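Hello,

Here is the structure I promised to pass on to you. Have a look at it first, and then read on for what turned up when I went through it.

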Amino acid sequence: MKASLRTVRLALAEPLRISRSTMSARDAVWLTVEHDGVTGHGEAVTSVYYGLDTDTLKRLLTAAGTALTRFPDPESALYESELTRSDLPPAVTAAVESALFDLVGKRAGHPVHRLLGTNVPPVAATARTIGITASADAAAQARRLAASGFEVIKVKAGTADPEDDVERVRVIRDAAPRARLLLDPNGAWTPTQAEALLPRFAEIGVEAVEQPIPPGTPEALGALAERSPLPVIADEDAVDLADVRRLAGRVQGVNVKLAKCGGVRAALRIASAIDGSGTDLMLGCLTASTLGLAPAVHLADRARWTDLDGHLLLAHDPWAGIGGEDGVVRANGRPGLGVVEVGAYEDVA
């Protein structure tokens with residue numbers, strides 16, 4: 001096997017503001033693994049929150065690609081336990097695993113979901129995110145999304161004045177009265193604020209809330225979930241399997257992002273850990289291309305909530321194959337991840 005990298009800039013169609021930052025672009029590093037003329041691809045994206053810049057991703061993925069050359073074939077590499085070494089950031093492990101799943105699936109002539117034991121291509125209604133913005137803009141976005149077929153809208157919250165959040169959610173509800181609403185303050189509220197605000201959002205018709213209080217105090221999050229009129233979904237407090245085991249049965253959901261937990265198989269271990277606990281699975285994502293989101297789409301039939309819209313936030317998505325523009329993401333029957341490169345990207349030196 002041999003491996004190569006390419007680094008590209010992913011620009012957003014418009015800046016996305018959340019409680020802790022505003023993002024207009026991020027870099028993606030693509031790992032390509034080739035064996036006997038067949039190629040597989042994976043993507044890792046930069047993240048200030050997770051401490052991953054472009055140079056770090058390139059260095060780690062270069063080393064990972066070199067390590068793959070010692071395996072006789074991708075099948076051996078995919079099931080080698082060293083891919084999940086604790087010293088590798090989960091985003092790197094997920095990208096390597098993605099490239100290998102893509103390659104192994106192509107060599108076998110099977111889509112990734114078949115390799116995972118699911119014969120029917122997963123299909124799921126995905127949430128579409130509306131960032132922190134003026135109420136009039138939020139309402140206009142909600143109307144456009146509802147008209148395009150989106151049944152689930154996720155609203156970012158966490159402004160200095162919580163009344164702004166309440167008003168924004170209210171106008172979105174009025175603009176898209178049939179949509180299911182999810183709320184995500186990204187840990188911006190104190191427990192006291194959350195207890196006061198959540199009943200108000202429940203009255204507006206919000207279905208669930210992600211990480212309402214700062215991460216680092218899972219006991220406090222669990223206590224809030226016990227009293228909340230809305231299902232509470234842990235995100236920043238649910239990074240890996242150990243975190244999830246501490247929260248299972250305490251919160252109503254955990255948001256699993258492959259770049260956060262370490263890939264498809266790590267996500268499946270989490271899903272198994274919470275099975276029957278009363279805690280449901282949410283599949284989330286970072287802002288990334290179709291290539292970065294595709295592995296999660298092959299798991300989409302296993303989640304109660306699906307939030308796989310990162311590729312829809314881009315000005316130009318350089319890959320295609322999972323849909324989503326009509327509010328529904330779909331795996332397909334093509335071998336591997338089922339994605340194809342369509343160009344429209346900016347190379348980064």
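**Pockets and overall build**

By class, the lining of the second largest pocket holds nine nonpolar, six polar and six charged residues. Please keep in mind that this is a predicted model.

Let me stay with that pocket for a moment. The second largest pocket encloses about 320 Å³ of space, and 21 residues line it. Glu14, Arg128, Thr129, Gln141 and Leu313 are the ones that lie nearest its centre. Two or more lining residues come from each of S1, strand S5 (127-130) and helix H5 (135-148). Of the elements, S1 gives the most to this lining, with six residues.

Now for the largest pocket. Its volume is about 660 Å³, and its lining is made up of 33 residues. Nearest the centre of the largest pocket you will find Ile18, Arg20, Met23, Arg26 and Leu286. At least two residues of this lining are supplied by each of strand S1 (2-17), strand S2 (22-35) and strand S6 (152-156). Which element gives the most to the lining of the largest pocket? That is S2, with five residues. Sorted by class, the lining of the largest pocket has 13 charged residues, nine polar ones and eleven nonpolar ones.

You may notice that S1 appears in both places: S1 supplies at least two residues to the lining of the largest pocket, and S1 gives six to the lining of the second largest pocket.

Stepping back to the whole protein, the secondary structure comes to twelve helices and 16 strands. The radius of gyration is 20 Å, close to the 20 Å that the globule rule gives for 349 residues, so the protein is as compact as a globular protein of that length. Measuring tape aside, the C-alpha trace spans about 60 × 40 × 40 Å along its principal axes.

How much of the protein is buried? Buried residues account for 56% of the 349. As for the contacts with a separation of 6 or more, 68% of them join residues that are 24 or more positions apart. The accessible surface of the protein amounts to about 13,700 Å², and carbon and sulfur atoms hold 50% of that area.

I hope this gives you a good start with the model. Do write back with any questions.

Best wishes

Definitions and conventions:
Residues are numbered from 1 along each chain as its sequence is written. This is a predicted model: local features need pLDDT of at least 70, side-chain atom pairs count only at pLDDT 80 or more; totals for chains, interfaces and linings use all residues. Side-chain values use heavy atoms; hydrogens and water are left out. On a 1 Å grid over the protein atoms alone, a cavity is a set of points where a 1.4 Å probe fits but cannot get out, and a pocket is an open set with protein on both sides within 12 Å along at least five of seven lines; lining residues have an atom within 4 Å of a point. Grid points are joined across faces, edges and corners, and a volume is the space filled by probe spheres set on the points. Helices (H or I, at least four residues) and strands (E, at least two) are DSSP runs, numbered from the N terminus. Ala, Val, Leu, Ile, Met, Phe, Trp, Tyr, Cys and Pro count as nonpolar, Asp, Glu, Lys and Arg as charged, and the others, Gly among them, as polar. The radius of gyration is taken over C-alpha atoms; the globule rule is 2.2 Å times the number of residues to the power 0.38. Buried means under 20% relative accessible area, exposed over 50%, partly exposed in between (1.4 Å probe, protein chains only). Contact means heavy atoms within 4.5 Å. Accessible areas come from the Shrake-Rupley method with a 1.4 Å probe; for residues, only the protein chains shown count as cover.
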